[in-house]
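The following exercises concern a single molecular structure and are each followed by a worked solution. Please consult the sequence and the coordinates while working through the steps.

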Amino acid sequence: MIEIDRLTKRYGQHTVVDDLSFNCASGEVLGFLGPNGAGKSTTMKMVTGFVTPSSGRAVVCGHDVADDALAARKRLGYLPEGAPCYAEMTPRSFLNFIADIRELSGSNRKARLDEMISQLHLGPVLNQTIDTLSKGFKRRVGLAQALLHDPDVLILDEPTDGLDPNQKYEVRELIQSMAADKLIVISTHILEEVEAVCSRVIIIADGKILADDSPQNLAASSRYHNAVRLTLSADSNLDEIQAVIEQLTSVETTESNSQHMTVTAIAKSGSADAETWRQVNDIVSGKGWSVTGLQLETGRLDEVFRQITGGAQA
Amino acid sequence: MNIINALFRRELQSYFSTPVAYVFIVIFLVLMGTFTFYLGGFYERGQADLGAFFSYHPWLYLFLVPAIAMRLWAEERKSGSVELLMTLPITPWQAVLGKYLAAWAFTGIALLLTFPIWITVNYLGHPDNGAIVAAYIGSFLMAGGFLAIGSCLSAFTRNQVIAFVLTVVMCFGFLLSGFPLVLDMFSGWAPQALIDGIASLSFLTHFSSISKGVIDFRDLVYFALLIVTFLYANTIILQWKQAD
């Protein structure tokens, strides 16, 4: 659905996107992840045809974005960063304008408009000027605009930025509900979002791809993969417990947090999946510690992200 | 065509959903009246024509039309909505034309609202109404020329003040290009053909013949070419600026 071939963007001496190549297909929710200034937005702008690449090309649904821009854009829905709108319009007139441009007509037009308004809960603000709306409503107007023509490819630049937790949840639900027959590309720096909605993650920094995998596999490369976290009652002796756990054959090392009363046993790399879990369980029941919680970790995406993008300062 | 129509309607509505339209129209009409009756000596002339009215149009347009044109693209760029607009399935020509025609229609509305002066002159005497219609057409074309220049320059910057100042200066040059102020910069070093060419670009020369009621085909071609040239430049600047 989207083919990106050696896409490069330079501003003067500065290379923002550096020889990027990847393909993605319908049914995928691709999370575009990277530190600020990594080139996420610029890549999206090139795929939507807003920014002309210095070299390389992007193809959307078989249409080259440079040579066959209109055909490509007809298949695309795009929410630019910050969800810019015409502030003096009302959501109703704005969506009608988009429907005109998208050449929706008749019953389909009405059905799509109604569906967008109900899915994004725009009903109460339809006749208010966009200028006066809260950030959350503005973002949802932007989303409605991108989704209105039911595009095959949806490109969303930070779709949940500025939304409250309930709204974030709803937007994620919406994205997931549409994922089956579309290609959705979202850029974000919220890692929980990636875990919640994405089937594939591309991490970029300085315009280069550093990782391209499923969120599960990426999390599995974390040192916390298969780690076991014990939460203990307040009167427990953490040092003693830590020393005992560190002796286990499948445990590489341990970390403790005296504020939260936790000890985390980090699995040796290469040990079998449930091995650490089993050993820690055995010793907990054997020693009779007063454990209030026991948790198996699948890995921490934020830690992998920091590791990959080299953001030790973060 | 539907697309241009949609862009046109959106743009024109946006004038009237903000105070811009009302402020502009009121100021335009007040200044038109003041210029005609006080500076132009409408009554003192004792003639049943609108010469006093039309002769001030170029000077009013010089400041008022850039004020309309400055927001056309600079505002879109400032608010970021240009990214939304230019990633919709529309061509740069459609975008430029839709917005331009809306701005032109808006100045047309303001111009039509000067009709009381036409009623006045018909009440007072028996003017040549054909000549007045011709002068209105000329004035509308001239506003279109100013607007095309303004739209083009507005695409250069995200700052409306810069767009305004650039447009005023450029329009001033076009107004006076048949006069010594501009021609003296070229006489002495430039070939005569170039000087004649520059002189023939003058808005005032082309407008003055139309405003006397003479619709010369060459004047119409002049304004049409001017508008098309600047709108074409507008699409190029838009794409060029967008690439960054």
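**Exercise 1. Chain A**

Among contacts in chain A between residues at least 6 apart in sequence, what percentage join residues at least 24 apart?

Solution. The model is a predicted one. Step 1: take the contacts in chain A whose partners are at least 6 apart in sequence; of these, 68% join residues at least 24 apart. Step 2: place this value beside the secondary structure, in which chain A has eleven helices and 14 strands. Step 3: add the burial, since 41% of the 314 residues of chain A count as buried. Step 4: complete the description with the extent of the C-alpha trace of chain A, which spans about 70 × 45 × 30 Å along its principal axes.

**Exercise 2. The side of chain B that touches chain A**

Determine how many residues of each chain are in contact, and describe the side contributed by chain B.

Solution. Step 1: 21 residues of chain B are in contact with 22 residues of chain A. Step 2: at least two residues of the chain B side are supplied by each of helix H1 (2–16) and helix H6 (81–86) of chain B. Step 3: H1(B) gives the largest share, six residues. Step 4: sorted by class, the chain B side holds eight nonpolar, eleven polar and two charged residues.

**Exercise 3. Helix H9 of chain B and its packing on H14(B)**

Describe H9(B) by length and burial, then classify its orientation relative to H14(B).

Solution. Step 1: H9(B) has 26 residues and reaches 37 Å from its first C-alpha to its last, close to the 38 Å expected at 1.5 Å a residue. Step 2: because 19 of its 26 residues are buried, H9(B) is largely enclosed by the rest of the structure. Step 3: the axes of H9(B) (residues 129–154) and H14(B) (residues 217–242) come within 8 Å and cross at roughly 15 degrees. Step 4: angles under 35 degrees count as roughly parallel, and H9(B) and H14(B) are therefore roughly parallel to each other. Step 5: their crossing is left-handed. Step 6: residues making the contact include B:Gly144, B:Gly145 and B:Ala148 of H9(B), and B:Phe223, B:Phe230 and B:Ala233 of H14(B). Step 7: by class, this contact has eleven nonpolar, four polar and no charged residues.

**Exercise 4. H13(B) against H14(B)**

Is H13(B) roughly parallel or oblique to H14(B)?

Solution. Step 1: helix H13 (residues 203–211) of chain B packs on H14(B) at an angle of about 135 degrees, with the axes 10 Å apart. Step 2: that angle makes H13(B) oblique to H14(B). Step 3: the crossing is left-handed. Step 4: the residues that meet are B:His206, B:Ser209 and B:Ile210 in H13(B) and B:Asp219, B:Tyr222 and B:Phe223 in H14(B). Step 5: by class, they are three nonpolar, two polar and one charged.

**Exercise 5. The surroundings of B:Arg77**

Is B:Arg77 buried or exposed?

Solution. Step 1: locate B:Arg77 in helix H5 (residues 71–79) of chain B. Step 2: B:Arg77 has 21 other C-beta atoms within 10 Å; the cut-off for a buried residue is 20 or more, so B:Arg77 is buried. Step 3: leaving aside neighbours within four places in sequence, B:Arg77 is in contact with B:Val82 and B:Arg158. Step 4: B:Arg77 and B:Tyr232 are 155 residues apart in sequence and 19 Å apart in space, C-alpha to C-alpha.

Methods: Residues numbered from 1 in each chain as written. Chains lettered and ligands numbered in written order. Predicted model: local features only at pLDDT ≥ 70, side-chain atom pairs only at ≥ 80, totals over all residues. Axes fitted to C-alpha atoms, helices over the stretch in contact; angles between N-to-C directions. Helix = DSSP H or I, 4+ residues; strand = E, 2+ residues; numbered from the N terminus. Parallel < 35°, antiparallel > 145°, perpendicular 65-115°, else oblique. Left-handed = near helix turned anticlockwise from the far one by under 90°. Contact = placed C-beta atoms within 7 Å. Nonpolar A, V, L, I, M, F, W, Y, C, P; charged D, E, K, R; others polar. Buried ≥ 20, exposed ≤ 12 C-beta atoms within 10 Å, placed from the backbone. Expected span 1.5 Å × (residues − 1).
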